[in-house]
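Hi,

Here is the structure I said I would pass on. Have a look at it first, and my notes follow underneath.

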Amino acid sequence: MSAIHILEGGRHPAVLDAPTGDLRIAPHRGGSLKLSLVVPTYNESRNLEELIGRLSALLDGLLPGAYELIVVDDDSPDQTWALALRLGDRFPSLRVIRRRGEKGLSTAVIRGWQAARGEVLAVIDGDLQHPPEVVEKLWAAIAQGADLAVGSRHAGGGGVSDWSALRRGLSRGAQLVGLCVLPTVVGRVSDPMSGCFMVRRSAIADAALSPLGYKILIEVLGRGRIGRIAEVGYVFRERVAGESKVTPRLYLEYLRHLVRLRLALLPRRFFRFGLVGLSGVAVDMTILWLLKGRLGWPLTISKLVAAEVAMANNFLWNDLWTFGDLAARQGHGWLRLRRFAKFNAICAAGLALSVGLLEMQVGIFKLNPYVANAVAIAVTTGWNFWMNKIFSWAAPPPLPAVAQPQRRAAGA
């Protein structure tokens, strides 16, 4: 491989300065570049040359002269950034950002997009676990009008190689947590954990992005103006070289990201729902004290009665206040009893979900039980709110339009 080519001023032509400031993507400023594909890296020197070679060969045929590859490296100890600069001598479409102060995959992707010049922005991992060939299918979906094209392990033709049952369960569990906290965001795609996708710059331009951890797609879905979405199946491959970056800390960052995005997107009803929930806690504790402490009932029976009275309290206030307008449109009487039955079933499922999350966090990830319980409560609250909004207090469908009778023609 050739040595790094240095200009007279001591700067390699492939070098880009790392953007700073707010994490906002500027609108497209024109130019001939159609696609900017960012490759975030950290200690990926053993994979990078093959990845860049395969991507360049594919895109030279697909978008000759109309694309750029941007490696954003977090100052890797194995000098991935230096290798990327040497590759820049062979691949003129390659540009390199070496970050020394900021860290993290999600912010690396956004900083790369901020420096990008293309109309369409994209990301692919630097470890070859995303097959480079999927880029061609993603571009085809964008060309057909999609605002967002996602590489999915769960779409047709997709899958994972030889993951263990535990790894599959953890992946699906993380997706389930996302669905509970952000159903209208995470539920839009089959693989919200994907790190390989393309998005039109216009769909996220000027949006205030605030990612945390490594699941940038959720941030794009939550804060972007995403209309049409296309999914492209791919088979997730096992890492051949280097070490996995997935750790329990990333799991915590994922949860924090979900909660932060959820708070930013909360409707006003949720705060009413939360206040009603607090009143339910007070009712539960009071009934439990009366039955167990004063009347001497068995603990289990006392708790079951207290929980049901608390759920009845919560349902009544939610039916009258939180979702009062929707309840009035649905009707009362036996319709209210039907809503109450749905409310009970959803809250019971939420309780089971809470216990399962608590056991998983403490047993598998060894988290502090009190922190884990707070996470479980937050997720369950989101589950109860959204599932009840969808099923218990769904807005009734509009009445069908009544066709106006046509007037007879004169003389008929």
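How many bridges join β1 to β4, and do the two strands run parallel or antiparallel? There are 2 bridges, and the strands run parallel. Leu16 has Ile97 of β4 as its bridge partner. Before going on, bear in mind that this is a predicted model.

That pair belongs to an open sheet of 8 strands with mixed pairing, in the order β1-β4-β3-β2-β5-β8-β6-β9. At the edges are β1 (15–16) and β9 (229–233), each of which pairs on one side only. Helix α8 (residues 216–223) packs on the sheet, where it touches β6 (148–152), β8 and β9. The direction of α8 makes about 25° with that of β8.

Back to β4, since the order of the sheet puts it between β1 and β3. Strand β3 (residues 67–73) pairs with β4 (residues 94–98) in the parallel sense, over 5 bridges. Val71 stands opposite Val96, and Val72 has Ile97 as its bridge partner. So Ile97 turns up twice, as partner of Leu16 and of Val72. Strand β4 is mostly covered, with 4 of its 5 residues buried.

On to the nonpolar cores. The largest has 52 residues, and those touching the most other members are Trp113, Leu148, Leu182, Phe197, Val199, Val220 and Val379. If you want one residue to click on, try Val220: leaving aside neighbours within four places in sequence, Val220 is in contact with Trp113, Phe197, Val199, Ile204 and Ile226. Another core, of 43 residues, lies apart from that one and has Tyr67, Val71, Leu138 and Ala230 among its members.

Then there is a helix pair. Helix α10 (residues 268–294) packs with helix α14 (residues 369–392) at an angle of about 115°, the axes being 11 Å apart. Their crossing is right-handed. On the α10 side the contact is made by Arg269, Phe270 and Phe273, and on the α14 side by Thr381, Gly382, Asn384 and Phe385. Sorted by class, that contact has 3 nonpolar, 3 polar and 1 charged residues.

One last residue: Asp191, in the loop between α6 (183–186) and β8 (197–200). Why does Asp191 count as buried? Because its relative accessibility is 0%, and buried means under 20%. Not counting residues up to four places away in sequence, Asp191 touches Val150, Gly151, Ser152, Arg153, His154, Leu217 and Glu231.

Over to you.

How values were computed:
Residues numbered from 1 in each chain as written. Predicted model: local features only at pLDDT ≥ 70, side-chain atom pairs only at ≥ 80, totals over all residues. Heavy atoms only, no water. Buried < 20%, exposed > 50% of the residue type's maximum accessible area, 1.4 Å probe, protein only. Contact = heavy atoms within 4.5 Å. Axes fitted to C-alpha atoms, helices over the stretch in contact; angles between N-to-C directions. Left-handed = near helix turned anticlockwise from the far one by under 90°. Nonpolar A, V, L, I, M, F, W, Y, C, P; charged D, E, K, R; others polar. Core = buried A, V, L, I, M, F, W, Y, C linked by side-chain atoms within 4.5 Å. Pairing = 2+ DSSP bridges.
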